[in-house]
Amino acid sequence: MQLFDIIGPVMVGPSSSHTAGAARIGEVARCLMGEPIVSAGIYFHGSFLATGKGHGTDRALTAGLMGMRVDDPRIPDAFRIADAMGLKLTFGAADLGESAHPNSVKLNLTGKSGKTLEIIASSIGGGRIMISRIDGLKAVFSGDHPTLIVQNDDTPGKIALISEMLYHSRINIATMQLDRDIRGGHAVTVLELDQEIPDQDLHWLAAQEGILKVTYLSLKEVN
């Protein structure tokens, strides 16, 4: 355990888990979307649902979706700013199961182009977060590294394709996860990286046969 885990981040309070963590989830979700968000369904689970309103969890998460960081003094005014920006918000409850962290939320996001993204994420303490699912598929990562999430047909050669792209750009893999729904169905590859991926490489990968969706978290936009 580090000192940061005890005292938490510099933030707008009152809670590092219910406020700062929620803002961080929103900020990472905005960057994963890769474009302005025009509507957000926000569904709280567990402690987020039971006590989040008093801690400003709803406002903090909304602020993050608009790009505000955990120490942004505008967080308490997030609803007014969202209304002025035309960001449509829907709040509700989600039962994510007994295994889900109590400070969890499901987000159903729509971007300016019509792109959609579903995220399940948790605030795990001290302002830290964990993403657990993307578009219904298991994708576990912290948001502390540049992260590539590739959804693809479950057919041979896709891992080699991704690895070749990273090799040619001299990008090192920090962690790697693989999952699929059923054999021959849809698969997901999650890679936390040591370097950023150039935009042209992401566009190239997205255009390859059998690649269904490429989602990328760049730390150039997330502190």
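Let's start with one residue: Phe 91 is partly exposed, since its relative accessible area is 35%. The model you're looking at is a predicted one, and Phe 91 turns out to be a handy way into it.

**Phe 91 and its ring partners**

What kind of pair do the rings of Phe 79 and Phe 91 make? Their planes sit at 65° and their centres are 5.9 Å apart, so this pair is edge-to-face. Phe 79 belongs to helix H5 (residues 78-85) and Phe 91 to strand E2, so to speak two distant parts of the chain that the pair links, 12 residues apart. Phe 79 is itself partly exposed, with a relative accessible area of 25%.

Turn now to the whole structure, where a search finds 3 aromatic pairs. Among them is the pair of Phe 44 and Phe 91, which is stacked, with 15° between the planes and 6.3 Å from centre to centre. This pair also links distant parts of the chain: Phe 44 sits in strand E1 (residues 37-45), Phe 91 sits in strand E2 (residues 88-93), and their positions lie 47 residues apart in the count. Is Phe 44 buried or exposed? Phe 44 is buried, because its relative accessible area is 8%, under the 20% cut-off.

Here are the two pairs that involve Phe 91, side by side.

| Pair | Centre to centre | Angle of planes | Kind |
|---|---|---|---|
| Phe 44 and Phe 91 | 6.3 Å | 15° | stacked |
| Phe 79 and Phe 91 | 5.9 Å | 65° | edge-to-face |

Step back a little, and ring pairs join Phe 44, Phe 48, Phe 79 and Phe 91 into a cluster.

**A closer look at Phe 79**

Which residues does Phe 79 touch, leaving out those up to four places away in sequence? The list is Asp 58, Arg 59, Thr 62, Leu 89 and, once again, Phe 91. Arg 30 is another story: 49 residues along the chain from Phe 79, with 16 Å separating the two C-alpha atoms.

**A charge over a ring**

Elsewhere, Arg 170 lies over the face of Tyr 167, at 4.8 Å from the ring centre.

**The whole chain**

Zooming out, the protein chain has 7 helices and 10 strands. Its radius of gyration is 17 Å, close to the 17 Å that the globule rule gives for 223 residues, so the chain is as compact as a globular protein of that length. The C-alpha trace spans about 50 × 40 × 35 Å along its principal axes.

How much of the chain counts as buried? The figure is 47% of the 223 residues. The accessible surface comes to about 10,700 Å², and carbon and sulfur atoms account for 52% of that. As for contacts between residues at least 6 apart in sequence, 68% of them join residues at least 24 apart.

**Two domains**

The chain is divided into domain 1 (19-134) and domain 2 (147-217). Their C-alpha centres lie 25 Å apart. Where the domains meet, 7 residues of domain 1 are in contact with 6 residues of domain 2.

How values were computed:
Residues numbered from 1 in each chain as written. Predicted model: local features only at pLDDT ≥ 70, side-chain atom pairs only at ≥ 80, totals over all residues. Heavy atoms only, no water. Phe/Tyr/Trp six-rings, centres within 6.5 Å; stacked < 30°, edge-to-face > 60°. Helix = DSSP H or I, 4+ residues; strand = E, 2+ residues; numbered from the N terminus. Buried < 20%, exposed > 50% of the residue type's maximum accessible area, 1.4 Å probe, protein only. Lys NZ or Arg CZ within 6 Å of the ring centre and 35° of its normal. Rg over C-alpha atoms; globule rule 2.2 N^0.38 Å. Contact = heavy atoms within 4.5 Å. Areas by Shrake-Rupley, 256 points an atom, 1.4 Å probe, with all protein chains shown as cover. Domains from an automatic or database assignment.
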